[in-house]
Amino acid sequence: MMTYLEDGRCSLSNNLSEQKMKSYVIGRKGWLFSDSPEGAEASAISYSIAETALANGLNVYKYITYVLEKRPTEEMADSELEKLLPLSLIHISEPTRQAE
C-alpha cells in the first residue's frame, strides 16, 4: 500500500501478477519431478526469463535464441549483460521483437 501511495503509477490491483503466476501453477506438477533444488531453481529462472520477455513485447523463442547465441558468461561485464536484458532490446531493432 505504501508503494501505491508513494507512486501513483503503481496499480492497486494485483490481477496482472496473479495472471502471470498461472504458468508457474501449471508447471508445478512438472517441478515435482525435478531431481534437485538446483533443477527447480533453473526451471523458475527460465520461467522468469520467458515471462519478462513476454511482458516486454518480445517473441520469447527468438529472445531466448538470441541470448543463447550471445552465450553470457561469468566473465562478461555488467554492461554487456545488461544489453541482453529484454528491457534493453525494446528500444533497438532486433529480430526478437514480436510482429505487431
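I take helices as DSSP runs of H or I with at least four residues, and strands as runs of E with at least two, numbered from the N terminus. The model I have open is a predicted one.

**Overall fold.** With that rule I get six helices and zero strands for the protein chain. Reading from the N terminus, my notes for the elements just say α-α-α-α-α-α. The chain has 100 residues, and 15% of them count as buried. I also looked up its exposed area: about 8,100 Å², with 57% supplied by carbon and sulfur atoms. For contacts between residues at least 6 apart in sequence, I noted that 47% join residues at least 24 apart.

**Helix α3.** I checked the length of α3, which covers 37-55. Its 19 residues at 1.5 Å a residue should span 27 Å, and I find the end C-alpha atoms 27 Å apart, so the two agree. After α3 comes G57, and I wrote down its positive phi, near 75 degrees.

**The core.** Which residues make up the largest nonpolar core? I list seven: A53, L58, Y63, Y66, V67, L84 and L89. The largest share of this core is from α4, with three residues. I picked Y66 for a second look, and it sits in helix α4. Is Y66 buried or exposed? I have Y66 at 14% relative accessibility; the cut-off for buried is under 20%, so Y66 counts as buried. I then went from Y66 to another core member, L84: the two are 18 residues apart in sequence, and their C-alpha atoms are 8.5 Å apart in space.

**The nonpolar patch.** Next I turned to the surface. I45, I49, I64 and L68 make a nonpolar patch there of about 330 Å². Which helices supply the patch? I find α3 (37-55) and α4 (60-70), each giving at least two residues. I64 is a patch residue, and I place I64 in helix α4. Its relative accessibility is 32%; partly exposed lies between the 20% and 50% cut-offs, so I64 is put down as partly exposed.

**S46 against I64.** I wanted a pair linking the two patch helices, so I took S46, which I find in helix α3, and I64, which is in α4. S46 comes out as partly exposed because its relative accessibility is 39%. How far apart are the C-alpha atoms of S46 and I64? I get 9.4 Å, for residues 18 apart along the chain.

**R71.** Last stop was the loop between α4 and α5 (78-82), where I found R71. I flagged R71 for its phi, near 45 degrees, a positive value in a residue other than glycine. Its relative accessible area is 62%; exposed means over 50%, so I entered R71 as exposed.

Methods:
Residues are numbered from 1 along each chain as its sequence is written. This is a predicted model: local features need pLDDT of at least 70, side-chain atom pairs count only at pLDDT 80 or more; totals for chains, interfaces and linings use all residues. Side-chain values use heavy atoms; hydrogens and water are left out. Patches are made of residues with over 30% relative accessible area and no salt bridge: like charges are joined within 9 Å, nonpolar side chains (Val, Leu, Ile, Met, Phe, Trp, Tyr) within 5 Å. Accessible areas come from the Shrake-Rupley method with a 1.4 Å probe; for residues, only the protein chains shown count as cover. A salt bridge is a side-chain nitrogen of Lys or Arg within 4 Å of a carboxyl oxygen of Asp or Glu. Buried means under 20% relative accessible area, exposed over 50%, partly exposed in between (1.4 Å probe, protein chains only). A nonpolar core is a set of buried Ala, Val, Leu, Ile, Met, Phe, Trp, Tyr and Cys residues joined through side-chain atoms within 4.5 Å. The expected span of a helix is 1.5 Å times one less than its number of residues. Contact means heavy atoms within 4.5 Å.
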